[in-house]
Amino acid sequence: QVQLVESGGGLVQAGDSLKLSCEASGRTFSGYVMDWFRQAPGKEREFVAGITWSGNRPYYADSAKGRFTISRDNVKSTVYLQMISLKPEETAIYYCASRRLGVSKYEYWGQGPQVAVSS
């Protein structure tokens, strides 16, 4: 059974940092991409950052550039999202999701930890 298990969410103050983890299991993810999304209350889900499992090509939404860093540990089958200088408007549920490289449909989703940023 393929699973994406996230951890690291919580309540922080504006300007604080937080690191999310997404551990993948159940299959080999070579040739897959891992992306992070977030969905704030009353808003649509939006892309945040992504990285390929096989290469080392991170990519970011404009809102994340300069403050968020995505990385991966292939030995642990885990992708991380380091976030700094968090803003209250970034309060959201953060999801990791995986798809095959070159395919737009996501095959696997995590459960989404809550990140709350207080002002």
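**Salt bridges, a buried serine and the core**

A search of the whole structure turns up 6 salt bridges.

User: Before we start, what kind of model is this, and how are residues numbered?

Analyst: It's a predicted model, where local features need pLDDT of at least 70, side-chain atom pairs count only at pLDDT 80 or more, and totals for chains, interfaces and linings use all residues. Residues are numbered from 1 along each chain as its sequence is written, and side-chain values use heavy atoms, with hydrogens and water left out.

User: What makes Glu46 and Arg38 a salt bridge?

Analyst: The term needs a side-chain nitrogen of Lys or Arg within 4 Å of a carboxyl oxygen of Asp or Glu. For Glu46 and Arg38 the closest N and O atoms are 2.6 Å apart, so the pair qualifies.

User: Why is Arg38 called buried, and Glu46 partly exposed?

Analyst: Buried means under 20% relative accessible area, exposed over 50%, and partly exposed in between (1.4 Å probe, protein chains only). Arg38 has 7%, so it's buried; Glu46 has 36%, so it's partly exposed.

User: Which other residue does Arg38 pair with, Glu90 or Arg67?

Analyst: Glu90: their side chains meet in a salt bridge at 3.3 Å, N to O. That pair links distant parts of the chain, with Glu90 in the loop between E8 and E9 and Arg38 in strand E4, 52 residues apart. Strands (E, at least two residues) are DSSP runs, numbered from the N terminus.

User: How do you know that Arg67 and Glu90 are bridged too?

Analyst: Their closest N and O atoms are 2.4 Å apart, which meets the salt-bridge cut-off. Arg67 sits in the loop between strand E6 (59–60) and E7, so this pair ties together parts that are 23 residues apart in sequence. Arg67 counts as buried at 13%, and Glu90 does at 3%. Through shared partners, salt bridges join Arg38, Glu46, Arg67 and Glu90 into one network.

User: Why is Ser98 called buried?

Analyst: Its relative accessibility is 0%, so Ser98 counts as buried. Ser98 lies in strand E9, and a polar atom of its side chain is 3.1 Å from the backbone oxygen of Val33.

User: What makes a nonpolar core, and which residues touch the most other members here?

Analyst: It's a set of buried Ala, Val, Leu, Ile, Met, Phe, Trp, Tyr and Cys residues joined through side-chain atoms within 4.5 Å. The largest one has 28 residues, and Leu4, Leu20, Met34, Trp36, Leu81, Met83 and Tyr94 touch the most other members. E3 gives the largest share, 4 residues.

Methods:
A polar contact is a pair of N or O atoms within 3.5 Å; within protein, one must be able to donate a hydrogen and the other to accept it, and residues adjacent in sequence count only if both atoms are side-chain atoms.
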